[in-house]
Amino acid sequence: MARPLRVVAVDLGATSGRVMVGRVAPGRLDLEEVHRFPNGPEDLDGTLRWPIERIWAEMLAGLRKAAAGGPVDAIGIDSWAVDYGLLDSSGTLLGAPVCYRDSRTDGIRERVVSRVGEADLYATTGLQQLPFNTLYQLASEGSMLDRAETMLLVPDLLAYWLTGEVGAERTNASTTQLYDVRSRDWAWGLAGNVGVPRRILPALRDPGAVIGTLLPAVAAELGLTDATPVVAVGSHDTASAVVAVPFTDRSRAAYISSGTWSLVGVELDEPVLSEAARKADFTNEGGVDATIRFLRNVSGLWVLSEAVRTWRSRGASVELADVLAGAADVHPLRSVVDLEAPAFLPPGDMEARIAAACEASGQPVPRSRTEVVRCILDSLALAYRRAVKQAAGLSGRPVDVVHVVGGGSQNSLLCGLTASACGVPVLAGPVEAAALGNVLVQVRTLGARLPDPAAMRALVRQTHAVVRYESSAAGLGTDRWDAAETRIASSRSGRAESVQW
């Protein structure tokens with residue numbers, strides 16, 4: 001390369017968005033954050049919706065900053081999964097995308113499953129039964145579907161506004177529960193059976209495909225040439241993050257992409273569609289280069305961030321670093337709760353919900369903010385332990401190490417607890433894994449010699465340090481974690497988390 005490739009990764013999370021410039025050359029992979037902004041759903045007339053026009057404006061602001069700093073060889077976008085916008089026949093958005101945390105899907109899953117059958121649904125899509133999957137959101141749209149011509153998931157919608165090109169990138173499409181995980185196509189029969197019009201499901205494209213080039217008006221606004229390509233990356237942020245997990249041997253490792261949600265699993269070449277996997281509520285999502293992300297969605301740092309947000313909204317001066325430091329001194333595993341319970345999904349007072357869960361299970365109620373935080377982190381490590389052990393057992397893959405990437409990799413208390421809970425070392429980092437994976441797929445499309453994920457991960461290992469946490473560091477034995485698991489087992493009665501240790 002005459003100069004390093006310089007690409008822009010738009011990485012949108014459920015609580016913040018960022019625009020990153022990536023520079024890649026042989027032996028070089030670095031990121032520069034040029035723009036960051038808060039994100040979150042807003043209550044509009046009683047419905048939680050994403051402020052998509054503001055997200056668009058913030059994205060453009062970041063792209064302008066990136067363009068001002070040098071040449072832009074390509075642009076890629078990744079975001080959270082399942083949420084979408086509906087376009088009419090003129091290409092006009094029919095309304096801001098509804099957030100997956102909105103209550104409109106209450107009861108929808110049961111209605112759809114009674115019609116299709118849970119086993120048949122899993123055999124086709126291989127997807128975890130989450131009440132907010134795109135399938136259930138579409139089933140709640142009613143007459144709105146009659147007006148819709150196209151459904152675009154959030155990153156595909158933003159790419160459409162950049163390029164005018166309509167399509168659906170496969171890694172994100174695989175999270176909709178309308179995607180056939182074996183044929184790697186839309187599950188047309190399923191869509192018809194549940195009343196999703198065939199016309200709204202756009203053509204699929206692979207990570208690495210060039211979506212198109214910038215529309216002239218957009219290019220002019222950004223200060224870029226209209227020949228600038230927009231590349232389909234792993235547009236589900238976890239798909240991009242897994243590309244940047246620095247595995248040395250993926251066949252003996254698990255990953256945790258730790259952010260607002262935590263995605264816990266292993267990377268495979270084929271889906272696991274067994275009855276045991278279905279009952280364990282594991283998901284088979286598409287990855288870059290036709291890999292499978294066999295994982296479980298675990299409620300991640302959302303509960304912690306929502307607790308801090310609530311405290312601050314009541315006038316308290318709360319710094320995350322301070323409550324984490326205080327939590328490290330709290331007696332471990334004093335109280336644990338099932339963070340995957342429905343009560344912890346919507347926004348609200350997490351401290352009160354934790355207190356209610358502890359009272360219901362006969363455990364001590366946390367009485368201070370640091371005790372609340374310690375309960376959250378102990379509970380999250382316990383959920384990680386459960387999911388890692390299940391992923392290993394269901395896939396037949398031994399797990400000798402757990403990689404933690406994303407924002408949670410900076411939480412040293414959580415990483416240490418995770419190593420202790422799982423009984424294997426944790427390697428933490430990189431933090432901006434999703435943006436790195438986004439960049440790596442882009443530059444490969446542009447001609448960088450990164451033929452497969454193994455080569456991409458080798459470059460990550462060469463250029464980004466990780467922090468190692470030993471399983472013995474927290475001083476908690478297996479018996480302590482077993483006892484904690486037993487304490488919340490009753491709250492998961494009838495659900496799929498019961499595990500034989």
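This is a quick walk through one sheet and one helix pair in a predicted model.

Okay, housekeeping. Residues count from 1 along each chain as its sequence is written, and side-chain values use heavy atoms, with hydrogens and water left out. Since it's a predicted model, local features need pLDDT of at least 70 and side-chain atom pairs count only at pLDDT 80 or more, while totals for chains, interfaces and linings use all residues.

So, the sheet. It's open, with seven strands in the order 17-18-16-15-19-20-21 and mixed pairing. Strands here are DSSP E runs of at least two residues, helices are H or I runs of at least four, both numbered from the N terminus, and two strands pair if DSSP finds at least two bridges between them. Strand 17 (283-286) and strand 21 (467-469) are the edges: each has a single partner strand, so one side of each has no neighbour in the sheet.

Now look at strand 15, residues 253-258. Five bridges tie strand 15 to strand 19 (residues 401-405), and the two run parallel. Ala253 sits opposite Val401 of strand 19. Helix 15 (residues 369-395) lies across strands 15, 16, 18 and 19, at about 155° to strand 18. Angles run from 0 to 180 degrees between N-to-C directions, with axes fitted to C-alpha atoms, for helices over the stretch in contact. Contact means heavy atoms within 4.5 Å.

Last bit: helix 2 (residues 108-116) and helix 3 (residues 118-125). Their axes come within 7 Å and cross at roughly 90°. Which residues of helix 2 and helix 3 make the contact? Arg109, Val113 and Val116 from helix 2, with Glu118, Asp120 and Leu121 from helix 3.
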